[in-house]
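Here is a friendly briefing to read alongside the sequence and the 3D view. Keep the viewer open and follow the topics one at a time.

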Amino acid sequence: MRGVPKTTNSAVRAWVEEMAALCQPDRVHWCDGSAAEKEALTVDAVAAGVLVKLNQEKLPGCYYHRSKPNDVARVEHCTYICTETEAEAGPTNNWAPPREMKEKLFGMARGGMKGRTMYVIPYLMGPPGSSFAKVGVELTDSLYVVLNMRMMTRMGLVAYEQLGDRTDFNRGLHCMLDVDPDRRYIAHFPRQNLILSVGSAYGGNVLLGKKCLALRIGSYLGRTEGWMAEHMLILGVESPSGERTYVAAAFPSACGKTNFAMLVPPARFKDWKIWTVGDDIAWMRPGSDGRLYAINPEAGYFGVAPGTNSQTNPNAMRTIAQNTIYTNVALTPDLDVWWEGKDGEPPREAIDWQGRPWTPASKEKAAHPNSRFTAPMTNNPVLAPEASDPEGVPISAIIFGGRRASTLPLVFQTFDWVHGVFVGATVGSEMTAAAVGGLGQVRRDPMAMLPFCGYNMGDYFRHWLQMRKRLKYPPRIFHVNWFRKDGDHHFLWPGFGENMRVLKWIVDRCHGRANAIETPLGWVPGPQDIDLEGLEDFTAEKLQKVLNIDIEEWRRELLMQEELFLELYAFLPKELIFQRELLIARL
Ligand code: GTP
Ligand code: SPV
Ligand code: MN
């Protein structure tokens, strides 16, 4: 049964027809994105064991999902950029010739949906009517994907409306197959605007609008079309006088974007307000007034559960109190959810993320470290109304950051755009559970885009440098590190809401009203320039420690940066090589 197409767009119909003939599903379901459809598909998902209905008194509209234990994070080693030449993909991406990879993956997909339903998911990335917005059509045999895409994107007929009879939509095919890590591929064909994903059913591997379209294909399109697709949150800072300043920040996966985007200022800043525009992805381009404008192409949050509680991120806790899908957290006997770092005592007993009995005495974690929640952005009590503005918001500051136990000070401002691009390009961060492998190791993650740049990283840096020429008012560029530790492995900086103190300095720097001291790294706040009032137990001495620049540590850092420069050497813009020499000279 091929179902009744929900669009007259013949290119969409032909693509669905072609893929249905290949995958041979028993049924084709054309999604319309309606509430009735969501309800019906949720019932199906519960019946199929894909979702567990949670305690509706405690968590209205919430469901629980457990993925296969071998399928709990992004898989960078199985992720490919399939460009005509290997140089186009560059040394930091896995590459395969497009024809070869298509043959292989279409081969794997052949008959892969027998006995199953193929869902046709039309989706819009970006506000309806926005000239930034892009349309995708994802074909999948996963109900979990459908229900997640419905929250993460503007899914349904609105996408067909935006598309009209154009043919330039992103084609995405997702087949779970037998969810075998040895037969798992996430392949991108930027030239064809095509994504093929097989053998996984988890998060960034399969919600194709997110990392695959909005970042990998998006970054490629951005370079050809003159805009930027970045792994950045977007937030608005509202001052007591009502002035709004917008900031975009790139931190690597599981390094604090969602938390920063939903920040609740501490009592000292009670008349300040933070508004979330986006928590993971920014599409940015020059506006006619010479400023850089950004939209959030997404419509929901796929956020890290562990560590989320009413102290660290109260707005997230409110966001996920209803109409949320929880993935790979622990399940309690009363059908509530739990994870490490949630409020209150651990439950006396629970079922862990692998479906096994768990008690507080268990050695293993109850929730997977990369367990996640999916919630619509409209649940967020501090959602910026501008999140639906087709024009986006003007960005005053870009912040880079990493998870670094040493070396990187709490904050510094770069000297100018080119220096800022160098600092972004050399971001290092400890690897997290968001991707399989390498946990805790420091690696270079340029602009937090290492796993997401859909073309040669050297050309990506060049694109960043080029963008400056098109901006009359380029954003100021900063670097932050919330994760510096003392000798006892304790975080030096309290983080979370207290990050407002750093954000305030950044905003004031943008408006030319805060002081700074020049250092070899850039401009750093002096001892009086970060407002510490009301921050108990945090002495001036601690501030000095967290802001410290240790020349010995920086010698080692330079050597670590060198690794990336050597890997990319043939492709690096000379401006960045010069920036490195300047830094060495200053140190
Ligand atoms: P992705 O969704 O993977 O792109 O991650 P993200 O950058 O949105 O990270 P998120 O905000 O979900 O934070 C990841 C982890 O870092 C969570 O466990 C947070 O509790 C923790 N975290 C976030 N901000 C801070 C902070 O300021 N200090 C400390 N110590 N931990 C933080
Ligand atoms: C990330 O890993 O950066 C995420 C989660 O935001 S995923 O959607 O799985 O990529
Ligand atoms: Mn992310």
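Helices (H or I, at least four residues) and strands (E, at least two) are DSSP runs, numbered from the N terminus. With that naming, Asn328 sits in the loop between strand S19 (325–327) and strand S20 (330–331). Please bear in mind that this is a predicted model. The points below cover a manganese site, the nonpolar cores, a cavity, a pocket and a few individual residues.

**The manganese site**

- The manganese ion (ligand 3) has three protein donors, Lys211 (NZ), His231 (NE2) and Asp280 (OD), lying 2.2 Å from the ion.
- Along the sequence, the donor residues follow the spacing K-x19-H-x48-D.
- His231 and Asp280 link distant parts of the chain, being 49 residues apart. His231 belongs to the loop between strand S12 (228–230) and strand S13 (233–238), and Asp280 to the loop between strand S15 (273–278) and strand S16 (282–286).
- The site of this ion is irregular, with six donor atoms and angles of 70 to 175 degrees among them.
- For reference, ideal angles at a metal are 90 or 180 degrees for six octahedral donors.
- His231 counts as buried because its relative accessibility is 0%, under the 20% cut-off. Asp280 is buried too, with a relative accessible area of 8%.

**The nonpolar cores**

- In soluble globular proteins, nonpolar side chains tend to be buried together.
- The largest nonpolar core here has 152 residues, and those that touch the most other members are Phe260, Met284, Tyr326, Ile398, Ile399, Trp464 and Leu503.
- Helix H5 (residues 143–152) gives this core its largest share, eight residues.
- Another core, of 38 residues, lies apart from the largest one, and its members include Val16, Cys23, Phe169 and Cys175.
- Take Met284 as a place to look around: leaving out residues up to four places away in sequence, Met284 touches Phe132, Trp227, Met228, Glu230, Met232, Ala248, Leu292, Tyr293, Ala294, Ile395 and Ile398.

**Cys23 and its surroundings**

- Cys23 is part of helix H1 (residues 10–23), and its relative accessible area of 0% makes it buried.
- Cys23 and Cys175 are 152 residues apart along the chain, while their C-alpha atoms are separated by 8.5 Å.
- Neighbours within four places in sequence aside, Cys23 is in contact with Ala109, Gly111, Gly112, Met113, Lys114, Met118, Leu173 and Cys175.

**The cavities and helix H11**

- There are two cavities of 30 Å³ or more in the structure, and the largest has a volume of about 130 Å³.
- Sixteen residues line the largest cavity, with Phe412, Val423, Thr426, Trp554 and Gln561 lying nearest its centre.
- Helix H11 (417–425) and helix H15 (551–568) are the elements that give two or more residues to this lining.
- H11 is mostly covered, as eight of its nine residues are buried: Trp417, His419, Gly420, Val421, Phe422, Val423, Gly424 and Ala425.
- Among the elements covering those buried residues are strand S25 (393–401), strand S26 (411–413), helix H12 (457–467), strand S29 (476–480), H15 and helix H16 (574–586).

**The largest pocket**

- The largest pocket has a volume of about 1,200 Å³.
- Its lining is made up of 47 residues, of which Ala254, Cys255, Val304, Pro306 and Arg403 lie nearest the centre.
- Helix H8 (209–225), helix H9 (257–261) and strand S18 (300–304) each supply at least two lining residues, and H9 gives the most, with four.

**Residues in loops**

- Asn328 is not a glycine, yet it has a positive phi of about 65 degrees. Asn328 is buried, with a relative accessible area of 0%.
- Val179, also not a glycine, has a positive phi of about 45 degrees. Val179 is found in the loop between strand S9 (170–175) and strand S10 (185–189) and counts as buried at 9% relative accessibility.
- Gly33 lies in the loop between strand S1 (27–30) and helix H2 (35–47), and is buried with a relative accessible area of 15%.
- Gly33 and Met155 are 122 residues apart in sequence, but 5.4 Å apart in space, C-alpha to C-alpha.
- Apart from neighbours within four places in sequence, Gly33 is in contact with Arg150, Met155 and Gly156.

Key: Residues are numbered from 1 along each chain as its sequence is written. Chains are lettered from A and ligands numbered from 1 in the order in which they are written. This is a predicted model: local features need pLDDT of at least 70, side-chain atom pairs count only at pLDDT 80 or more; totals for chains, interfaces and linings use all residues. Side-chain values use heavy atoms; hydrogens and water are left out. Donors are N, O and S atoms within 2.8 Å of the metal (3.2 Å for Na, K and Ca); water is not among the atoms, so sites may look incomplete. Four donors count as tetrahedral if all angles lie between 85 and 135 degrees; four count as square planar and six as octahedral if opposite donors are over 155 degrees apart and all others between 65 and 115; anything else is irregular. Buried means under 20% relative accessible area, exposed over 50%, partly exposed in between (1.4 Å probe, protein chains only). A nonpolar core is a set of buried Ala, Val, Leu, Ile, Met, Phe, Trp, Tyr and Cys residues joined through side-chain atoms within 4.5 Å. Contact means heavy atoms within 4.5 Å. On a 1 Å grid over the protein atoms alone, a cavity is a set of points where a 1.4 Å probe fits but cannot get out, and a pocket is an open set with protein on both sides within 12 Å along at least five of seven lines; lining residues have an atom within 4 Å of a point. Grid points are joined across faces, edges and corners, and a volume is the space filled by probe spheres set on the points.
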